[in-house]
Amino acid sequence: MSVSKQAQDAHQHLSKLGPKKLLDFLSTRGPQEIPSRYGEDPMIGLCRIVVGQQLSGAAAAKIWQSLEDQTGSRRVLFERLGQADPTLTGLSASKRKTLQHIVLIGEVEIENLAKSPMNDARERL
(Lines give C-alpha, C1' and ligand atoms only; values in the text may rest on other atoms or scores of the structure.)
Protein backbone atom coordinates (compact mmCIF):
# COMPACT_ATOMS: atom_id res chain seq x y z
CA MET A 1 0.00 0.00 0.00
CA SER A 2 1.34 3.41 -0.96
CA VAL A 3 0.99 6.24 1.57
CA SER A 4 1.77 9.92 1.30
CA LYS A 5 4.97 11.51 2.60
CA GLN A 6 2.81 13.44 5.07
CA ALA A 7 1.41 10.19 6.51
CA GLN A 8 4.89 8.67 6.73
CA ASP A 9 6.27 11.77 8.47
CA ALA A 10 3.37 11.79 10.94
CA HIS A 11 3.86 8.08 11.65
CA GLN A 12 7.57 8.60 12.32
CA HIS A 13 6.88 11.61 14.56
CA LEU A 14 4.19 9.83 16.60
CA SER A 15 6.38 6.75 16.95
CA LYS A 16 8.97 8.86 18.76
CA LEU A 17 6.45 10.24 21.25
CA GLY A 18 5.40 6.99 22.98
CA PRO A 19 3.34 5.95 25.04
CA LYS A 20 3.27 2.18 24.67
CA LYS A 21 -0.38 1.94 23.53
CA LEU A 22 0.25 4.48 20.79
CA LEU A 23 3.41 2.66 19.70
CA ASP A 24 1.52 -0.65 19.63
CA PHE A 25 -1.21 0.92 17.51
CA LEU A 26 1.26 2.46 15.08
CA SER A 27 3.24 -0.75 14.74
CA THR A 28 0.11 -2.73 13.81
CA ARG A 29 -1.60 -0.08 11.63
CA GLY A 30 1.34 1.67 9.99
CA PRO A 31 1.11 5.19 8.53
CA GLN A 32 -2.40 6.62 8.34
CA GLU A 33 -3.61 9.19 5.87
CA ILE A 34 -4.96 12.39 7.40
CA PRO A 35 -8.66 12.76 6.57
CA SER A 36 -9.24 15.14 3.69
CA ARG A 37 -12.37 16.54 5.35
CA TYR A 38 -10.17 19.22 6.94
CA GLY A 39 -9.09 20.46 3.53
CA GLU A 40 -5.88 22.06 2.38
CA ASP A 41 -6.12 25.11 4.66
CA PRO A 42 -4.26 24.31 7.91
CA MET A 43 -5.84 27.16 9.90
CA ILE A 44 -9.37 26.24 8.86
CA GLY A 45 -8.58 22.58 9.55
CA LEU A 46 -7.29 23.35 13.03
CA CYS A 47 -10.31 25.51 13.81
CA ARG A 48 -12.66 22.78 12.56
CA ILE A 49 -10.95 20.27 14.84
CA VAL A 50 -11.50 22.56 17.84
CA VAL A 51 -15.15 23.14 16.91
CA GLY A 52 -15.70 19.40 16.55
CA GLN A 53 -14.13 18.34 19.84
CA GLN A 54 -16.46 16.07 21.82
CA LEU A 55 -19.24 16.40 19.24
CA SER A 56 -20.63 14.01 16.69
CA GLY A 57 -19.46 14.55 13.13
CA ALA A 58 -22.92 15.73 12.11
CA ALA A 59 -23.16 18.25 14.96
CA ALA A 60 -19.66 19.57 14.25
CA ALA A 61 -20.43 19.95 10.55
CA LYS A 62 -23.66 21.81 11.33
CA ILE A 63 -21.92 24.21 13.72
CA TRP A 64 -19.10 24.81 11.22
CA GLN A 65 -21.62 25.50 8.45
CA SER A 66 -23.39 27.94 10.76
CA LEU A 67 -20.10 29.76 11.42
CA GLU A 68 -19.45 30.00 7.69
CA ASP A 69 -23.00 31.28 7.12
CA GLN A 70 -22.62 33.86 9.92
CA THR A 71 -19.31 35.22 8.64
CA GLY A 72 -19.41 34.78 4.87
CA SER A 73 -15.66 34.71 4.29
CA ARG A 74 -12.44 33.34 5.72
CA ARG A 75 -11.22 36.85 6.56
CA VAL A 76 -14.38 37.78 8.50
CA LEU A 77 -14.41 34.39 10.24
CA PHE A 78 -10.88 34.91 11.54
CA GLU A 79 -11.60 38.53 12.51
CA ARG A 80 -14.58 37.46 14.61
CA LEU A 81 -12.79 34.44 16.07
CA GLY A 82 -9.85 36.70 16.95
CA GLN A 83 -12.24 38.89 18.93
CA ALA A 84 -13.87 35.85 20.60
CA ASP A 85 -17.15 37.25 19.28
CA PRO A 86 -19.90 36.01 21.63
CA THR A 87 -22.52 36.39 18.90
CA LEU A 88 -21.03 33.48 16.94
CA THR A 89 -23.60 30.84 17.76
CA GLY A 90 -22.75 27.23 18.46
CA LEU A 91 -19.49 27.84 20.30
CA SER A 92 -18.92 27.44 24.01
CA ALA A 93 -16.90 30.12 25.80
CA SER A 94 -14.03 27.66 26.07
CA LYS A 95 -14.00 26.95 22.32
CA ARG A 96 -14.24 30.68 21.53
CA LYS A 97 -11.20 31.27 23.76
CA THR A 98 -9.21 28.44 22.15
CA LEU A 99 -10.09 29.64 18.65
CA GLN A 100 -9.20 33.21 19.60
CA HIS A 101 -5.80 32.01 20.79
CA ILE A 102 -5.20 30.11 17.53
CA VAL A 103 -6.09 33.16 15.44
CA LEU A 104 -3.97 35.49 17.56
CA ILE A 105 -0.96 33.18 17.31
CA GLY A 106 -1.32 33.59 13.56
CA GLU A 107 -1.24 31.43 10.50
CA VAL A 108 2.50 31.61 9.88
CA GLU A 109 3.35 30.68 13.47
CA ILE A 110 0.83 27.78 13.47
CA GLU A 111 2.43 26.42 10.30
CA ASN A 112 5.91 26.85 11.81
CA LEU A 113 4.81 25.05 14.97
CA ALA A 114 3.40 22.19 12.91
CA LYS A 115 6.77 21.77 11.19
CA SER A 116 8.81 22.02 14.41
CA PRO A 117 10.02 19.12 16.52
CA MET A 118 7.47 18.49 19.28
CA ASN A 119 9.72 19.65 22.14
CA ASP A 120 10.46 22.94 20.37
CA ALA A 121 6.77 23.50 19.66
CA ARG A 122 5.84 22.87 23.30
CA GLU A 123 8.44 25.38 24.51
CA ARG A 124 7.19 28.03 22.10
CA LEU A 125 3.59 27.55 23.20
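These legends walk through several close-up views of a predicted model.

**Figure 1. An overview of a chain built from helices.** The secondary structure of the protein chain comes to 8 helices and 0 strands. Following the sequence from start to end, you meet the pattern α-α-α-α-α-α-α-α. Of the 125 residues in the protein chain, 29% are buried. Among contacts with a separation of 6 or more, 42% link residues that are 24 or more positions apart.

**Figure 2. Helix H5 meets helix H6.** Here you can see H5 (residues 74-82) packing against H6 (residues 93-105) at an angle of about 115°, with the two axes 7 Å apart. Their crossing is left-handed. On the H5 side, Phe78, Leu81 and Gly82 make the contact, while H6 brings Arg96, Leu99, Gln100, Val103 and Leu104. Sorted by class, the contact has 5 nonpolar, 2 polar and 1 charged residues.

**Figure 3. Arg96, a buried residue without a salt bridge.** Arg96 belongs to helix H6. Which side chain of opposite charge is nearest to Arg96? That is Asp85, 7.0 Å away, and Arg96 is buried yet has no salt bridge. A salt bridge needs the nitrogen and the oxygen within 4 Å of each other. Leaving aside neighbours within four places in sequence, Arg96 is in contact with Leu81, Ala84, Asp85, Pro86, Leu88 and Leu91.

**Figure 4. Arg80 and Asp85 share a salt bridge.** Although Asp85 makes no salt bridge with Arg96, the side chain of Asp85 does meet that of Arg80 in one, at 2.7 Å from N to O. Are these two partners buried or exposed? Arg80 counts as buried at 18% relative accessibility, and Asp85 is buried too, with a relative accessible area of 13%.

**Figure 5. Arg74 and Glu107 join two helices.** A search of the whole structure finds 3 salt bridges, and one of them pairs Arg74 with Glu107, whose closest N and O atoms are 2.7 Å apart. Arg74 lies in helix H5 and Glu107 in helix H7 (residues 107-115), so this pair ties together parts that are 33 residues apart in sequence. Arg74 counts as partly exposed at 32% relative accessibility, and Glu107 counts as partly exposed at 30%.

**Figure 6. Glu79 and Arg75 pair up within helix H5.** The closest N and O atoms of this salt bridge are 2.5 Å apart. Because Glu79 and Arg75 sit 4 residues apart in helix H5, about one helical turn separates them. Glu79 counts as partly exposed, at 39% relative accessibility, whereas Arg75 counts as exposed, at 54%.

Terms used:
Residues are numbered from 1 along each chain as its sequence is written. This is a predicted model: local features need pLDDT of at least 70, side-chain atom pairs count only at pLDDT 80 or more; totals for chains, interfaces and linings use all residues. Side-chain values use heavy atoms; hydrogens and water are left out. Axes are lines fitted to C-alpha atoms, for helices over the stretch in contact, and angles run from 0 to 180 degrees between N-to-C directions. A crossing is left-handed if the near helix is turned anticlockwise from the far one by less than a right angle, and right-handed if clockwise. Contact means heavy atoms within 4.5 Å. Ala, Val, Leu, Ile, Met, Phe, Trp, Tyr, Cys and Pro count as nonpolar, Asp, Glu, Lys and Arg as charged, and the others, Gly among them, as polar. Buried means under 20% relative accessible area, exposed over 50%, partly exposed in between (1.4 Å probe, protein chains only). Lys and Arg count as positive and Asp and Glu as negative; His and the chain ends are not counted.
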